[in-house]
Amino acid sequence: MNKILFLLLSISMLSQLQAQTSDTELINTTLDNWHKAAAEADFNAYFNLMTKDAVFIGTDAAEVWNKPEFMAFSKPYFEQGKAWNFTSIDRNLYIDPSGSLAWFDELLNTWMQLCRGSGVLKKENGEWKIAHYVLSLTIPNDEIEPVIELKKEKDSVFSNSLLKQ
């Protein structure tokens, strides 16, 4: 009886590990295809990899878009065939035990030099879709002071406008 229980537990654990490995591959493929669609200016492929209620947060403090807003902002870039070309050079994935939610962070090679992307994916109808994405500039700690000085005035104006709401 103990051998049968051990065998069943082992099979269950292997099955979960295999499912997680396959989800990891699917998530990596989704993210890679999303970046590729932008590089190829494929508007439909890019936005089809996002959930209907997706949010994209850009590098500017004012860039917090729901999917329709981000589509409207992005459309001219895609139509010109000059969207953005971001390549992931390092990525960490984390999958919720339920297997329906995942989050990640990635280091990106971009025209802005190194950037950080992070986000959340949801599994919808067996497919992983990007639900939330945050793009951030990376700034070396020993270079932060000049950056703070550079953005101080605009940040002050923007934060004051938010406080007045």
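## A buried charged pair and its surroundings

Both Arg91 and Glu106 are buried, and in this predicted model the two residues form a salt bridge whose closest N and O atoms are 2.8 Å apart. Arg91 belongs to strand 3 (residues 87-95) and Glu106 to strand 4 (residues 101-110), so the pair ties together parts of the chain that are 15 residues apart in sequence. Side chains of opposite charge can pair when their charged atoms come close.

### The chain as a whole

The protein chain contains four helices and six strands, and when it is read along the sequence these elements follow the pattern α-α-β-β-α-β-β-β-β-α. Of the 165 residues in the protein chain, 28% are buried, while the accessible surface of the chain comes to about 11100 Å², with 57% of that area belonging to carbon and sulfur atoms. If one takes the contacts between residues at least 6 apart in sequence, 45% of them join residues that are at least 24 apart.

### Strands 3, 4 and 5

Strand 4, the strand that holds Glu106, is mostly covered, since seven of its 10 residues are buried. Strand 4 pairs with strand 3 in the antiparallel sense over eight bridges, and within this pairing Asp90 stands opposite Leu107 of strand 4. The hairpin of strand 3 and strand 4 has five residues between the strands, and in this hairpin Gly99 takes a positive phi near 80°.

Strand 4 is also joined to strand 5 (residues 113-124), again in an antiparallel arrangement, by 10 bridges. Here the bridge partner of Leu108 is Cys115 in strand 5, and the hairpin formed by strand 4 and strand 5 has two residues between them.

Strand 5 is also the place of Val120, a residue that is partly exposed with a relative accessible area of 28%. Leaving aside its neighbours within four places in sequence, Val120 is in contact with Leu101, Ala102, Trp103 and Phe104, and also with Lys129, Ile130, Ala131 and His132. For one of these partners, His132, the C-alpha atom is 5.1 Å from that of Val120, although the two residues are 12 apart in sequence.

### Salt bridges

The structure holds eight salt bridges, and three of them are set out below.

| Pair | Closest N to O distance |
|---|---|
| Arg91 and Glu106 | 2.8 Å |
| Lys75 and Glu79 | 3.6 Å |
| Lys151 and Asp155 | 2.5 Å |

Lys75 and Glu79 are four residues apart in helix 3 (residues 67-79), so about one helical turn separates them. Lys75 counts as partly exposed because its relative accessibility is 35%, whereas Glu79, at 58% relative accessibility, counts as exposed.

Lys151 and Asp155 are likewise separated by about one helical turn, because they lie four residues apart in helix 4. Both ends of this bridge can be described by their cover: Lys151 is partly exposed, with a relative accessible area of 39%, and Asp155 is partly exposed as well, with a relative accessible area of 32%. Elsewhere, salt bridges that share partners join Asp32, Arg91 and Glu106 into one network, which brings the account back to the buried pair of Arg91 and Glu106.

### The course of helix 4

Helix 4 (residues 144-163) spans only 25 Å between its end C-alpha atoms, whereas a straight helix of 20 residues would span 28 Å at 1.5 Å a residue. Helix 4 also bends by about 50° at Lys152.

### Two residues with positive phi

Two residues that are not glycines also deserve a note on their backbone. Ala41 has a positive phi of about 55° although it is not a glycine, and it lies in the loop between helix 1 (2-39) and helix 2 (43-48). With a relative accessible area of 17%, Ala41 is buried.

Gln113, also not a glycine, has a positive phi of about 75° and is found in strand 5. Gln113 is exposed, with a relative accessible area of 57%.

Technical notes: Residues numbered from 1 in each chain as written. Predicted model: local features only at pLDDT ≥ 70, side-chain atom pairs only at ≥ 80, totals over all residues. Heavy atoms only, no water. Expected span 1.5 Å × (residues − 1). Bend = angle between axes of the 7 residues up to and from the residue. Salt bridge = Lys/Arg side-chain N within 4 Å of Asp/Glu carboxyl O. Buried < 20%, exposed > 50% of the residue type's maximum accessible area, 1.4 Å probe, protein only. Contact = heavy atoms within 4.5 Å. Areas by Shrake-Rupley, 256 points an atom, 1.4 Å probe, with all protein chains shown as cover. Pairing = 2+ DSSP bridges.
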